[in-house]
Amino acid sequence: MLDNLGSMERTHSCGALRSEDVGKQVVLMGWVARRRDFGPLTFIDLRDRDGITQVVFNEETAAEAHARAKEVRGEYVIAVTGDVVLRAEGQRNPKITTGDVEVSAREILILNDARTPPFQLELTSSDALASEDTRLKYRYLDLRRPQLQANLRLRHRTVAEIRRYMDEQGFTEIETPILIKSTPEGARDYIVPSRIQPGKFYALPQSPQLFKQLCMIAGLDKYYQIARCFRDEDLRADRQPEFTQLDVELSFASTEIVYRLVEGLFKRVFKLVGADLETPFPRLTFAEAMRRYGSDKPDLRFGMELKDLSGELEGTTFAPFASTLESRGEIKGIVVQGGAKLSRKALDELQEFAKRYGAGALAWIKLGDELSSSLLKALGQETIERLARAAGAVSGDAVLIIAGRAKIVAASLGALRLEVARREKLIPENVYRPLWVTEFPMFEFHEEDGRYYAMHHPFTSPLDEDLPLFRRAVEENETRLLGDLRAKAYDAVVNGVEAAGGSIRIHQREVQNLVFKAIGLTPEMARERFGFFLDALEYGTPPHGGIAAGIERLLMSMTGIENIRDLMAFPKTASAADLMIDAPGEVDPRQLEELRLKIVKE
């Protein structure tokens, strides 16, 4: 039979008791993590969000409570009244914060029973986690694990610290609409049908971008919001269909003002994990980051920079390299310190890894007791030795080389750099290396449909010195020049994670019209999608800029956690499904009829 709680109130959490509490009568409430029976003594590890306390039931001193304790099983919910006592010498547990004491129980209430969980909640270091699908289906159980609860508490403290900091800096928190108009540029929108206006649709915001710019036009000067955002895009470890971001905009802003604001904020929140970030952050232009690291979010905790070897291979007759150079491609390599010990199997695995990013092949040089290389027969020893020297390799190292189009070399060698660093344990722990990546390209060319798109979003301002070239590119229809334009766009990157990204915005309608034309919007299309915003630009829009920091991405950079789902209470799977509530799901046909919608079967 289950008991009622009545008017009983808990006095302490299960992680609160210490040796100075010895002698106190306490009331604890929580879940049974473990029960151990030793005849006249029964021990229960009682767990709540703060920790675990050992409770001992003694048949001699509390026979009724002892008998009731034998009825409980794992995950039963109980309340215990008892006295705090010191554990016997030699029986203390340094692995938990309450390990010096235990509670000698007088009374127990069994508040609820529990079915056997579908997976083990209390894990030792040798236990494997249940499959992710199982844990997501029973997410309310998975969330009982101490690590996930600690993640969510850190998330709470981070958001609270952000709000304190933004308030100190004079920002006003303003909520913007969730039901907005669809503007199909960038990621896909989630659309919401209107019942009152059949055939018309709202969209869920990918970000509050236009609304925060309108706040600047409204004279609100300093805006921020902890905003929920939605993107109907393919998922991966650092991406979810709905997420939370710190959204910031300020008037009369320069890039330097934004940098100082964000560096101060990051310095504050990283202290929550014991890190003291050095400011100002170093800066790399996008072009330099891609040239040196093959990534626009480089991890600076280790070296292994990309080395251009093209010059050493001028005039080569080796067909793959010769054709690469003839087509203005690149030949680059990375040096793996101590890599001469890499086995042929390991090198084959790295080649398969590089191919995922478009690389045709991975060539290698090993400077072991004897020089060896996959290129030895094709290039000869003298050229191989020259390549190794040019790469900066010394005895005991390996050089990994990829040739091809610049984009493919950057993507594959940049990813390979990270993979090798992980495998060879070259990344130091508890080290934080932030930086700004600046001067992103204004536009990027998509070969699938043969047109340029805004790399960030179409409201990003070009660099002042590139504005004349921009006008020429658009007004004289020299579209090839669009790829040379740089934007006042910037990302804050920490340990290879893009923690925040933003830009100085366009505040003049003439420049905004140029951007819309550059990305293929006719005046009519621009008016239909963004007419309200174009009109607003004509009413005294101040120069302004801002940034958005994904809360989950920020926490990933703070904690080193690689899966965004571990930083959210109720995430979705890689197919954007919620296994716990079985969403998305079908709706009642009457709802569809009200919305004037019909499902078309394939």
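**Exercise 1. In this predicted model, work out whether Arg328 is buried or exposed, and what is unusual about its backbone.**

Step 1: start with the surface. Arg328 has a relative accessible area of 79%, and the cut-off for exposed is over 50%, so Arg328 counts as exposed.

Step 2: place Arg328 in the fold. Arg328 sits in the loop between α8 (319-326) and β13 (330-336).

Step 3: check the backbone. Arg328 has a phi near 65 degrees, which is positive even though the residue isn't glycine. For background, most residues other than glycine have a negative phi.

**Exercise 2. Look at the loop between α16 and α17 and say which backbone features turn up at Asp582 and Pro584.**

Step 1: Asp582 lies in that loop, and its phi is positive at about 60 degrees, although Asp582 is no glycine.

Step 2: Asp582 has 62% relative accessibility, so it is exposed.

Step 3: move along to Pro584, which lies in the loop between α16 (551-559) and α17 (589-594). The peptide bond running from Ala583 to Pro584 is cis, with omega near 0 degrees.

Step 4: now try another loop, the one between α6 and β11, where you'll find Pro280. Thr279 and Pro280 are joined by a cis peptide bond, with omega about -5 degrees. As a reminder, most peptide bonds are trans.

**Exercise 3. Trace the closed barrel, then find out where Thr81 and Arg47 stand in it.**

Step 1: the barrel has five strands in the order β1-β2-β3-β5-β4, and the pairing is mixed. From one strand to the next, the twist averages 55 degrees.

Step 2: take one pair. β4 and strand β5 (residues 101-112) run antiparallel and are joined by 10 bridges. Within this pairing, Val77 stands opposite Asn112 in β5.

Step 3: Thr81 belongs to strand β4 (residues 77-86). With 8% relative accessibility, Thr81 is buried, since the limit for buried is under 20%. Beyond its sequence neighbours up to four places away, Thr81 touches a set of residues including Met8, Gln25, Val27, Ser104 and Arg106.

Step 4: Arg47 is in strand β2 (residues 41-48). Its side chain may make you expect otherwise, but check the number: Arg47 is at 3% relative accessibility, so it counts as buried. Leaving aside neighbours within four places in sequence, its contacts include Cys14, Trp31, Glu75, Glu122 and Arg144. Arg47 and Leu28 are 19 residues apart in sequence, with 9.4 Å from C-alpha to C-alpha.

**Exercise 4. Write down the strand order of the open sheet, name its edges and describe the helices packed on it.**

Step 1: the eight strands run β6-β9-β10-β22-β21-β20-β17-β11, with mixed pairing. The edges are β6 and β11 (283-285), each of which pairs on one side only.

Step 2: zoom in on β20 (residues 489-494) and β21 (residues 497-504). They are antiparallel and share six bridges, and Ala492 has Ala500 of β21 as its bridge partner.

Step 3: add helix α4 (residues 146-168), which packs on the sheet and touches β6, β9 (222-230) and β10 (242-251). The direction of α4 makes about 150 degrees with that of β9.

Step 4: add helix α6 (residues 255-270), also packed on the sheet. α6 touches β10, β11, β17 (434-438), β20, β21 and β22 (544-550), and its direction makes about 20 degrees with that of β20.

**Exercise 5. Describe how strand β14 is covered and which strands pair with it.**

Step 1: in β14 (residues 363-367), five of five residues are buried. Ala363, Ile365 and Leu367 point one way, while Trp364 and Lys366 point the other way.

Step 2: β14 pairs antiparallel with strand β16 (residues 398-404) over four bridges. Ala363 stands opposite Ile401 there.

Step 3: strand β15 (residues 371-373) is likewise an antiparallel partner of β14, over three bridges, and Ile365 has Ser373 as its bridge partner. β14 and β15 make a hairpin with three residues between them.

**Exercise 6. Find the nonpolar surface patch that contains Leu179.**

Step 1: the patch consists of Ile178, Leu179 and Tyr202, with about 260 Å² of accessible area together.

Step 2: Leu179 lies in the loop between β6 (172-173) and β7 (191-193). Leu179 has 45% relative accessibility, so it counts as partly exposed.

Terms used. Residues are numbered from 1 along each chain as its sequence is written. This is a predicted model: local features need pLDDT of at least 70, side-chain atom pairs count only at pLDDT 80 or more; totals for chains, interfaces and linings use all residues. Side-chain values use heavy atoms; hydrogens and water are left out. Helices (H or I, at least four residues) and strands (E, at least two) are DSSP runs, numbered from the N terminus. Buried means under 20% relative accessible area, exposed over 50%, partly exposed in between (1.4 Å probe, protein chains only). Contact means heavy atoms within 4.5 Å. Patches are made of residues with over 30% relative accessible area and no salt bridge: like charges are joined within 9 Å, nonpolar side chains (Val, Leu, Ile, Met, Phe, Trp, Tyr) within 5 Å. Accessible areas come from the Shrake-Rupley method with a 1.4 Å probe; for residues, only the protein chains shown count as cover. A salt bridge is a side-chain nitrogen of Lys or Arg within 4 Å of a carboxyl oxygen of Asp or Glu. Two strands pair if DSSP finds at least two bridges between them. Axes are lines fitted to C-alpha atoms, for helices over the stretch in contact, and angles run from 0 to 180 degrees between N-to-C directions.
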